[in-house]
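Me: I would like to go through a structure and ask how its labels are justified. Please set each value against its rule.

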Amino acid sequence: MLRTVIHGAVATMLASAPLLAQTGTIAGRVLTADDAQPIPGAQILVLGTNAGAVTREDGRYSLTVRPGRYTVRALRIGFGADTVRNVVVTAGATTTADFRLRPAATALSGIVVVGYGTQEAKDVTGSVATVGTEEFNTGRVVSPEALIRGKVAGVQVADNNEPGGGIAVRVRGGTSVNASNEPLYVIDGVPIDVGGGSTVSGRNGLNFLNPNDIETVTVLKDASATAIYGNRGANGVVIITTKSGASQPQVMYTGTVSGSRVVGGPEMLTADQYRAAVTQYAATNVPSLGSANTDWLAAIEQNAGGQEHNLDFAGKRDAALYRLGLGYLDQEGVLIGTRTRRASASLNYSDLLLNDRLALRTHLRGSRSVDDFTPNAVLGEAVAFAPTQPIYTSTGEYYQYRDPTTGNLIGLAPNNPLEDLKYLQDRGTILRSIGSVEGEYRLPWLQGLSVTARGSFDSNRADRNSFTPSTVASQLKGDPTLAGSLSRANHSELHTVADAFATYRHDLPMLDRGSVDLTVGVSAENFNGSYNGYSARGLSTNLLGYNGVPTFKEASPGVSVQEHRLRSQFARGNLSLKDRYLFTATVRRDGSSRFGPDNQWGVFPSAAFAWRMSEEPMLKDLLPVSDLKLRVSWGKNGNESIGCNYCAYGSYEVGGPQAQAQLGSDFVTTIRPIAFDANLHWETTTSTDVGIDFGLLRNRFSVSIDGYTKTTDDLLFAVPTAAGTALSNSVLTNIGSVRNRGFEFMLDGKLIDGGRRGFTWLANFNASHNSNELLTLGRPGLTSIATGGIAGGVGTNIQVLQPGQPVNSFFVYRHREANGKVVVTGPDTAMYVDVNGDKIINTSDLRPFHSPAPKWIIGHTSNFSWRNFDASTTLRAYLGNYVYNNVASNLGNYSVLTSPYAPVNLSASVLQYGFTRPQYLSDLYVEDASFLRMDNLTVGYTFDRLGQVRNPRVFGTIQNVFTKTSYSGVDPTANINGIDNNVYPRSRTFVGGVTIGF
Amino acid sequence: MRIMSTRWLAMGGAALLLAVPACNNDLTVAPQSNITSGNIFSDTTSYRAFLAKLYAGLAVTGQSGPDGKPDISGIDEGFSQYVRGYWQLQELPTDEAIIGWGDTGLPELNTQTWSAANPFTTAMYARIFYQVALANEFLRQTSDAQLSARGTAAALVTEVQGYRAEARFLRALSYYHALDLFGNVPIVDENFDISKLPVQAARSDVFAFVEKELKEARAGLPARSTGSYYGRASQQAVDMTLAHLYLNAKVWTGTDRSADALAAASSAIAGGGSLDTSIPHLFQADNNTSPEILFSIPFDGNHTRTWGGMTYLIHASVGDNMDAAASGIDGGWYGLRLRPSAVERYAGGASSTDLRAQFIRTAGRTEDIANVGSSNNGYALAKFRNVTADGKPGSNLTFPDTDYPMYRLADAYLIYAEAFLRGGGGSQGTALGYVNALRTRANATPIGAAELTLPFILDERGRELLWEGMRRQDLIRFGQFSTAGIWQWKGGTHDGEVTSANHDLYPIPANELSANPTLKQNPGY
């Protein structure tokens, strides 16, 4: 019999022609266990085959398989799985298999995506969290990672008020200082680079992906889950799975329009307050004060409009599933000039060939993003420009600060931001395409063995062009022969991945529902980038903008070619005994071209054990909870994202044309040997995780609690070199250690279950605590490294790396208080605590003081439904995060008024403290930025049926409904580095939309 | 049989699928947009380009002027420039100059209240040893063995021998600065095994090393830094460095070497050059044509750009009520001012008829510095300017063409006079002649023999070499820097107060002590 099957299959392969196989049908219905309501969208799996189906609106399904005896399983997010065994299929006949699913929270059931495969949630031994479509954040979401902000315990998705602004995700705290802290992003199995050209030409390296195309986002948090990604897994892994076909043809349109307005900005003095301040503190400047009342910030802001349209075609033909997603987004920012547009197309196609033994899956997507940037300086200029000065002069020109006697522009004064807004251009364009073809072949002679081969590409063309005409003030102030500039950057990148892996799944009946699941594979990745840049100054004409190069005075072209290769082998074994003792072991061996010959290869192992206590016969009836699982895991990961491809190589760098040395009458271009550490290698993170998952009230509630510790060794620091021994004063070396410890709590539950049309309330609550500590800088005498440059002074640093403290703790003077009030006058010794008692206030008196990372991150999501209405909301809070208010420290003192170049506006903080000179390093400016924010609130109504239109839904969303904080600056989530210096203004967005299906 | 073969075929196919990605295991990806140590000297112009980097290290801060790709890190790139750092450490703690900015660590220089973590002293130390490391690498790469291994042509070998002498001069020059500022520093030459920690040397040993290196390099150098050697090492530059070395020998080693100082100064004077008839020309955009400047660090508006060097000296000097265009620049930085003690050294103060006081600017300013942070407190000094002798601005209004005059003939004259007064021989007539040559040029009254005293020399150096990066060394040599000598804001108070003797040396940076724990900190820090 076996030989016949093999024979037949191989004949099929060789003949490449379909055989008319005899098949039978399995059909049935999937209903809720409680009230027998149909469950659409449930996944039906025939174990041991690739056959499967998705239930229709009425909960029914049917699928064809070869005759035989099968185990069939039904899965649906939000429900516990149900299995029917011993389904006997005979040729030409239909066998019925019905399922009743019990509602459950996602953590305990369903299919979970893991690296190089999937697993049933009950078998997962690591810390993995999945967020599905229904749980995603609502409203205008430009960047995919924003979908899960506030949804997963232990995951911080940094805020960025710019539409589609930069990506920064931290999984269980930052593990690194000088290498990347960003998790690895994997889209449909393919690792994606989110840095490089995309971040130069666009706002965010994930923006090419339309959030509407995403089905689930899975975060792998502990080393048991991430170790399969070896030297890129140290910061966690975010796996994005895109939507695939539907069980029946459908066309779906979703359209939204939105409006945003500013709700937070830096508080500066009003015109009247400013007049009073100048009169009192800078009487000599009163004559040049001006008589206008200008709100400069309001002048550069706009009510931002946006629209988004998504059209999906999805369906199934025979075994082929397809989905075509088309999307268009156009969103303005609340600062004039900010805009992002994206046109995207995504095609997912899968089919079963060769007697259903070969599953072919392709993913192809492409998008074009155009980002318009508000010129960098504009926000700072609007903050600083005196409110008593007008936007326009009486002759209709843009007002600029001028020397009253000579009439010349004043060099160090801010420029009129409105002029810059009008004339400066800055645009990034990204054309990015990623695709993969994947074949999974179930080998015919051994049940359960399949081989998958996959090839994929990620091709990126990223341009950034900017232009400054010669007529604006910033150009007129400098060397007139160099006025007018343009810059063009043209980056192209190609990342290819070839990987192949074999999976063997086998039931071990002798072990009482035991099973084994092995995966072994290899992968090869190549990355090539070419970065061309060109800039010119002193343009002969402004007519061409950035689209042409007229005669110029100075130009600086640049070319850089980069290459990076990664070769890997990996393996994973899952062993399940008695369906309750679960063992997982993984190992990955990675070789990276970034490191020297002796340091290229590394091995990253992990091991985990889970015990499903609730399946233990002795405990089953004693436990007050269901699905109780204990997990423990250990593993190692690397971080090879060190920011350069050639740091371990000795090389010489050629100097530029303006860094020449004069030898006699010749100007000679220099070459410089570069300092390097040939022993450079990746940072290594060792983590352990202990977790417990359980359900309450028959899985109506599910709870996950995890505790973890992650220690990162061989941390890269630019450490001082002993004088004379190296070709720089510091060299990037693997020397330090940092530790993150914390715990996480997640609760999913159906608080109120009113049945299908009654009032139902689903809620998610998550909370996590992380404490970060720099353990060592690797040198006994090296007590600190300064970080965190600020505006104010030159080279002023506000943060520090100091052993025993969180990474990037603020490093400040302790401000003295007298009689309960801050001392704001007198010499430094009167204002600041002389910590070391030497009667001098100098850099030795700086002390670490709080850090930007939140101690607690708390998130809550509620979904309500009642009859045809639905509503959802997301609340989020950070506790213990601190922000340095750089606007206040830089412009919060009266000496700004007497500055000999034009007086500029003051931060309103000056009214509170009254400083007469800058106090950049005072701890007063390090503020507690804990906050509570309602990220979004959505209300929707679904019509029963309107003619041909299937269940149309109308909905409205408010984003950033409110933010409660004591932080005085623009936004408590200002910047992941904790320095608030003219961050993009916070806004509130109103979205209205409609979904129509056919 | 058929079954067996197809099974093997299928298995082979599967194995192939797994193996294909693994076979290309070449992980060596050499840099393509950088030159590697493997091929650098295949191009023979690399020797000159590398030598140029040694000189560029004194003028620019990295490979992309005015900023970008910095040589050293841990400080703002502009702050890290060699001349800027050296000038600030020699001038800001003295009775000549004060700076109004509040950048971390900078006010500590004004008041002699620095700590071992001071970013400016740290950066200067790093800059000095960056030059040392570069020179050592150059000497290693150009050893006889290396040159012959590369089959270098004889003519090029001869040329490179000259480069090696220049590299040794530059290394000695930086060690002379280290000796002056930090005292007890490790000596690292090209033969040192850089995998080991350098050993701290006594100040006298550093002195001996500098002396030996300068003397040995001298033979391989041209007589003067002129023509195709403009901006480059010369015997005259060696003589001037030796003259300073010997003049300060008593402080640095305990042994008086005034006779050697006098001899070195005489040799420098004999080497050529003459006093510039125009004092302003010495500090202007075309000062490369001045016959008086013996060794300078060239800057250029188009080719040699930095935020330190002359860019700093000229921009930072311009502030309130000053015409930036008169200094040949596009705007002032409102930073540097004169301390009153420097103004009062000229007979008649700011309104002195001494031509060396002509650079003082008083409009809208107070002489007294009531508040260091107020940029109109204290007179300004428009001594360095980016305009040519005929009043035209330099080639760029941001980055001056003006070269930094490190050694000029007037300095040699004053060293001769001082060495004579310190018993170093020579003749009183010559010494008096030199001093009066300067005073006559400056429209100041010539002095008589009785007035030629050591205190007079200190004051005259203050008048002649004001803001030329000499003052701290001079004050220490005369015992007037720390425990004696009072001027505004010294020690941190308006009227000034004495400080402890340890301030005569800067601290070894805390960073260096962590990297090389075998080093001992200078006393008092």
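Me: What makes the span of helix H9 (residues 235-247) of chain B agree with its number of residues?

Reply: This is a predicted model, and the check uses its C-alpha atoms. Helix H9 of chain B has 13 residues, and at 1.5 Å a residue it should span 18 Å. The end C-alpha atoms of H9(B) are 18 Å apart, so the two values agree.

Me: Why is H9(B) called largely enclosed by the rest of the structure?

Reply: A residue is buried if 20 or more other C-beta atoms lie within 10 Å of its own. In H9(B), 13 of the 13 residues are buried, so the helix is largely enclosed.

Me: How do you know whether the radius of gyration of chain A agrees with that of a compact globule?

Reply: For 998 residues, a compact globule would have a radius of gyration near 30 Å. Chain A has 31 Å, which agrees. Along the principal axes, the C-alpha atoms of chain A fill a box of roughly 100 × 65 × 65 Å. Chain A has 13 helices and 53 strands, and 52% of its residues count as buried.

Me: Why is Lys839(A) called exposed or buried?

Reply: The cut-off for exposed is 12 or fewer other C-beta atoms within 10 Å. Lys839(A) has 9, so it is exposed. Lys839(A) is in the loop between helix H10 (828-831) and strand S44 (847-849) of chain A.

Me: And why does Trp467(B) count as buried or exposed?

Reply: Trp467(B) has 23 C-beta neighbours inside 10 Å, and the cut-off for buried is 20 or more. Trp467(B) therefore counts as buried. Its place is in the loop between helix H16 (454-464) and helix H17 (471-477) of chain B.

Me: What makes the phi values of Lys839(A) and Trp467(B) worth a remark?

Reply: Most residues other than glycine have a negative phi. Phi of Lys839(A) is positive, near 65 degrees, and phi of Trp467(B) is positive, near 60 degrees.

Me: What kind of peptide bond joins Gly65(B) and Pro66(B)?

Reply: The bond is cis, with omega at about -5 degrees. Most peptide bonds are trans. Pro66(B) lies in the loop between helix H2 (46-59) and helix H3 (82-91) of chain B.

Me: Why is Gly792(A) called buried or exposed?

Reply: Gly792(A) has 23 other C-beta atoms within 10 Å, against a cut-off of 20 or more, so it is buried. Gly792(A) is in the loop between strand S39 (785-789) and strand S40 (797-801) of chain A. Beyond its neighbours within four places in sequence, its contacts include Asn886(A), Pro918(A) and Tyr920(A).

Me: How do you know that strand S31 (residues 651-654) of chain A and strand S1 (residues 35-36) of chain B pair?

Reply: Pairing needs at least two bridges, and S31(A) and S1(B) have two, in the antiparallel sense. Thr36(B) in S1(B) is the bridge partner of Ser651(A).

Me: How many residues of chain A are in contact with chain B?

Reply: In chain A, 89 residues are in contact with 103 residues of chain B. Strand S27 (residues 554-577) of chain A gives the most to that side of chain A, eight residues. The side divides into 40 nonpolar, 38 polar and 11 charged residues.

Me: What confidence does the predictor give?

Reply: The complex has an ipTM of 0.93 and a pTM of 0.86. Chain B averages a pLDDT of 93, but over residues 1-5 of chain B the pLDDT is below 50.

Definitions and conventions:
Residues are numbered from 1 along each chain as its sequence is written. Chains are lettered from A and ligands numbered from 1 in the order in which they are written. This is a predicted model: local features need pLDDT of at least 70, side-chain atom pairs count only at pLDDT 80 or more; totals for chains, interfaces and linings use all residues. pLDDT is the predictor's confidence in each residue, from 0 to 100. Two residues are in contact if their C-beta atoms, placed from the backbone, lie within 7 Å. Helices (H or I, at least four residues) and strands (E, at least two) are DSSP runs, numbered from the N terminus. The radius of gyration is taken over C-alpha atoms; the globule rule is 2.2 Å times the number of residues to the power 0.38. The expected span of a helix is 1.5 Å times one less than its number of residues. Ala, Val, Leu, Ile, Met, Phe, Trp, Tyr, Cys and Pro count as nonpolar, Asp, Glu, Lys and Arg as charged, and the others, Gly among them, as polar.
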